[in-house]
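Dear colleague,

Please find below the structure that I am handing over to you. A short account of the findings comes after it.

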Amino acid sequence: MWCFSQVKGAIDEDVAEADIISTVEFNYSGELLATGDKGGRVVIFQHEQESKNRPHLRGEYNVYSTFQSHEPEFDYLKSLEIEEKINKIRWLPQQNAAHFLLSTNDKTIKLWKISERDKRAEGYNLKDEDGRLRDPFRITSLRVPVLMPMDLMVEASPRRIFANAHTYHINSISVNSDHETYLSADDLRINLWHLEITDRSFNIVDIKPANMEELTEVITAAECHPHQCNVFVYSSSKGTIRLCDMRAAALCDRHSKFFEEPEDPSSRSFFSEIISSISDVKFSHSGRYMMTRDYLSVKVWDLNMENRPVETYQVHEYLRSKLCSLYENDCIFDKFECCWNGSDR
C-alpha cells in the first residue's frame with residue numbers, strides 16, 4: 001500500500017508540473033488566447049460572444065483547441081535531454097479563415113495551422129462511405145461528391161519545423177512586420193528565418209567570444225520593430241538594450257543605438273547586476289517606444305533618447321529588502337514579462 005501511494009504521488013506531481021503554464025499570447029484580434037505549458041501542450045481559448053441572454057459570459061474564454069506541440073527529446077551527441085516545455089508562442093497575422101502560430105521549446109520551432117472543419121465530402125466513386133475501396137470494374141456510373149454538414153471540428157496541423165539552428169536554449173521568437181520572416185534568439189545568437197524555408201537561417205547577431213571565459217553577458221530577449229522590417233532590438237543580462245538595423249550589415253555586431261540607464265553608485269549592492277538583467281523587451285504598437293522588464297521594475301524608453309528611460313514603474317519594490325532570501329532560494333533568477341495594452345497607454 002505504501003509503495004502504491006508513493007508511485008501515485010509521484011505521478012500526480014509530474015502531472016501537476018506538466019500543467020504549469022509557461023507562456024501566454026493573444027492573437028492580433030484578441031479573439032483567441034494561446035497558452036503553452038511545461039508538458040509541451042498548446043491550449044487555445046476562444047472569446048465567448050456577449051449576448052443579452054447570457055451577460056455573465058462577458059470577457060470569458062473557453063477552450064477552442066488543444067494539441068501536443070512538442071515532445072521530450074534527447075540529444076545523443078551532447079547527452080542532453082531536451083524538455084518539451086513551451087518557451088514562447090507567437091501568432092502570425094491572419095490572412096484567411098485559418099490561424100497560424102509559432103511555438104518553440106529550447107531547440108525546435110514549429111509553425112502550426114489551426115483550422116475549422118464543419119463539412120465532409122460524401123459520394124466518392126472509388127470508395128464506399130465506410131472508407132473501403134470499391135472494385136473499379138463494378139463502377140457503372142460516375143457521381144459528383146457532395147459536401148454534407150458535420151459537427152464543428154478544430155484541427156491543428158504542423159506545417160513547418162525549424163530545427164538544428166540553436167546551440168543554446170531559445171528564449172525569444174518574434175514575427176517580423178513583413179509577415180515573411182521572424183527572429184529566434186538564444187543566449188548568444190540571433191537568427192533570421194523565412195517562414196517558407198526550414199533548412200537554413202541567417203545568423204544576424206553573434207556575441208559568443210572566442211574564449212568562453214571572457215563571456216560577460218548573454219542575450220535575454222529579442223523583438224522585431226512593428227513597422228520597420230529591418231529594425232530589431234535585443235536586451236542583455238547587463239541591463240542594456242541594443243537597437244540594430246539589418247540594412248547596415250549582414251551581421252549586426254555593431255548596434256545603431258544603445259540604451260542604458262546610468263547606475264546610481266550609492267545604491268549599488270551585491271545583487272545589482274542580477275536584478276538589472278532585462279527579462280523582456282516589447283515595442284509599443286506605434287513603434288515609437290519600447291518597454292523593458294527587469295526584476296523590480298518596468299521601464300519605458302523613447303527610441304530617440306538612449307541615455308535614460310522616460311518612465312520607470314516600480315513593480316516589486318517591497319522585495320528590495322528581501323533580496324538575500326530570494327538569492328538563497330534562487331527566486332531572484334525568476335523571469336518576468338511585460339506587455340502593452342491595445343492603445344499603448
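The notes that follow concern a sheet, several salt bridges and a surface patch.

Please bear in mind that this is a predicted model.

An open sheet consists of four antiparallel strands in the order β7-β8-β9-β10. Its edges are formed by β7 (88-91) and β10 (146-162), each of which pairs on one side only. From one strand to the next, the twist averages 25°. Strand β8 (residues 99-104) runs antiparallel to β7 and is joined to it by four bridges; Trp-91 stands opposite Leu-101 in β8.

The edge strand β7 also takes part in a contact with a distant part of the chain: Arg-90 in β7 and Glu-25 in strand β1 (residues 21-26) are 65 residues apart. Their side chains meet in a salt bridge with an N to O distance of 3.0 Å. Arg-90 counts as buried, at 10% relative accessibility, whereas Glu-25 is partly exposed at 22%.

The count of salt bridges comes to 18. Among them is the pair of Asp-37 and Arg-41 (3.1 Å, N to O), and these two residues are linked with Asp-19 in a network. Asp-37 is buried, with a relative accessible area of 6%, while Arg-41 is partly exposed at 23%.

A further salt bridge joins Arg-288 and Asp-302 (2.8 Å, N to O). Arg-288 lies in the loop between β19 (280-283) and β20 (289-293) and Asp-302 in strand β21 (residues 297-302), so the pair ties together parts 14 residues apart in sequence.

Finally, Phe-270, Tyr-327 and Phe-333 form a nonpolar surface patch, together offering about 320 Å² of accessible area. Tyr-327 belongs to helix α3 (residues 323-328) and is partly exposed, at 34% relative accessibility.

With kind regards

Methods:
Residues numbered from 1 in each chain as written. Predicted model: local features only at pLDDT ≥ 70, side-chain atom pairs only at ≥ 80, totals over all residues. Heavy atoms only, no water. Patch = residues over 30% accessible without salt bridge, like charges linked within 9 Å, V, L, I, M, F, W, Y side chains within 5 Å. Areas by Shrake-Rupley, 256 points an atom, 1.4 Å probe, with all protein chains shown as cover. Salt bridge = Lys/Arg side-chain N within 4 Å of Asp/Glu carboxyl O. Helix = DSSP H or I, 4+ residues; strand = E, 2+ residues; numbered from the N terminus. Buried < 20%, exposed > 50% of the residue type's maximum accessible area, 1.4 Å probe, protein only. Pairing = 2+ DSSP bridges. Axes fitted to C-alpha atoms, helices over the stretch in contact; angles between N-to-C directions.
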